[in-house]
Amino acid sequence: PVQIGGSAQLYDNNQGGTAPWAVPTDVRSQQCRIKVQSSINANNYAISTPAFLIKNRITVTSPTTGTPEWLVGNITPYVIQWSYEGPSTTTVKIEYSENGDTGPFVLLPGIPTAGNVSIGSGGTGSFNWTISTLTPLTTTGKIKVTDIGIPLATGKSAGNLRVIGNVVPDELIGSPLKIGDPYNITWTLLG
């Protein structure tokens, strides 16, 4: 008989075999191993090699498929949101790709603090992104949120994020305006 995990369940198979095992939700490590031990003879055991990884599950929940386009230089920030499961690091980094899943992924352009963001609490996190004019425009953008402690623990946004240019009218000076008076309207093109 062989005991699996921390449970008291024994599997009696003298020929080897398989047994169901739920990956623990309270472990996050790059040095995991499995020990298989005889319940009859404690000196009869084996430990798996090489070590394997158990990582957090991170899911980007916004933006996602169907998110309307996001405007460069918009005054109101856009909210990047994610959920996470498992014992987590305290920080994540948030990256952007203008080329979809193929990348490269870079920290949110113009936002150096995107490399050290609180993961959140209660299984969810968010970051307000005011999109810099340095951000490349795209119709195939992706957002990636990565656990700083285990870089393989990452989540990417679903669907393609459209980041488009923006036209911002300049402030009207001389208001109130009089009916019929000529006036030059000016604007700034972003992106």
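1. Strands S10 and S12. In this predicted model, strand S10 pairs with strand S12, residues 117–118, in the antiparallel sense. The pairing is made over 2 bridges. Within S12, Val 117 is the residue that stands opposite Val 92.

2. Strands S10 and S14. S10 also runs antiparallel to strand S14, which covers residues 138–147, and 6 bridges join the two. To find one place where they meet, look at Lys 93: its bridge partner in S14 is Thr 146.

3. Strands S10 and S11. A further antiparallel pairing links S10 to strand S11, residues 106–107, through 2 bridges. Here Tyr 96 is the residue to locate, since Val 106 of S11 stands opposite Tyr 96.

4. How enclosed is S10? Strand S10 spans residues 91–97, and 6 of its 7 residues are buried, so the rest of the structure largely encloses the strand. As a reminder for reading the strand, side chains in a regular strand alternate between the two faces of the sheet.

5. Glu 95. This residue lies in strand S10. Is Glu 95 buried or exposed? Its relative accessible area is 9%, and because buried means under 20%, Glu 95 counts as buried. Leaving out residues up to four places away in sequence, Glu 95 touches Phe 105, Val 106, Leu 107 and Leu 108, and also Lys 142, Ile 143, Lys 144 and Thr 146. Two of these names have appeared above: Val 106 stands opposite Tyr 96, and Thr 146 is the bridge partner of Lys 93.

6. Leu 134. This residue sits in the loop between strand S13, residues 124–129, and S14. Leu 134 has a relative accessible area of 63% and is exposed, whereas Glu 95 is buried. Apart from neighbours within four places in sequence, Leu 134 is in contact with Pro 109 and Gly 110. How far apart in space are the C-alpha atoms of Leu 134 and Gly 73? The distance is 9.4 Å, although the two residues are 61 residues apart in sequence.

7. Thr 67. The loop between strand S7, residues 57–62, and strand S8, residues 70–71, holds Thr 67. With 21% relative accessibility, Thr 67 counts as partly exposed. Its C-alpha atom is separated by 8.5 Å from that of Gly 159, which lies 92 residues away along the chain.

8. The chain as a whole. The protein chain has 18 strands and 0 helices. What radius of gyration does the chain have? The value is 26 Å, while a compact globule of 191 residues would have one near 16 Å. Along the principal axes, the C-alpha atoms fill a box of roughly 100 × 30 × 25 Å.

9. Burial, surface and contacts. Of the 191 residues in the protein chain, 29% are buried. The accessible surface comes to about 11,900 Å², and carbon and sulfur atoms account for 54% of it. Taking contacts between residues at least 6 apart in sequence, 59% join residues at least 24 apart.

10. Charges. The protein chain carries 11 positive and 11 negative charges. The mean positions of these two sets are 10 Å apart.

Note on methods: Residues are numbered from 1 along each chain as its sequence is written. This is a predicted model: local features need pLDDT of at least 70, side-chain atom pairs count only at pLDDT 80 or more; totals for chains, interfaces and linings use all residues. Side-chain values use heavy atoms; hydrogens and water are left out. Helices (H or I, at least four residues) and strands (E, at least two) are DSSP runs, numbered from the N terminus. The radius of gyration is taken over C-alpha atoms; the globule rule is 2.2 Å times the number of residues to the power 0.38. Buried means under 20% relative accessible area, exposed over 50%, partly exposed in between (1.4 Å probe, protein chains only). Contact means heavy atoms within 4.5 Å. Accessible areas come from the Shrake-Rupley method with a 1.4 Å probe; for residues, only the protein chains shown count as cover. Lys and Arg count as positive and Asp and Glu as negative; His and the chain ends are not counted. The place of a charge is taken as NZ of Lys, CZ of Arg, CG of Asp or CD of Glu. Two strands pair if DSSP finds at least two bridges between them.
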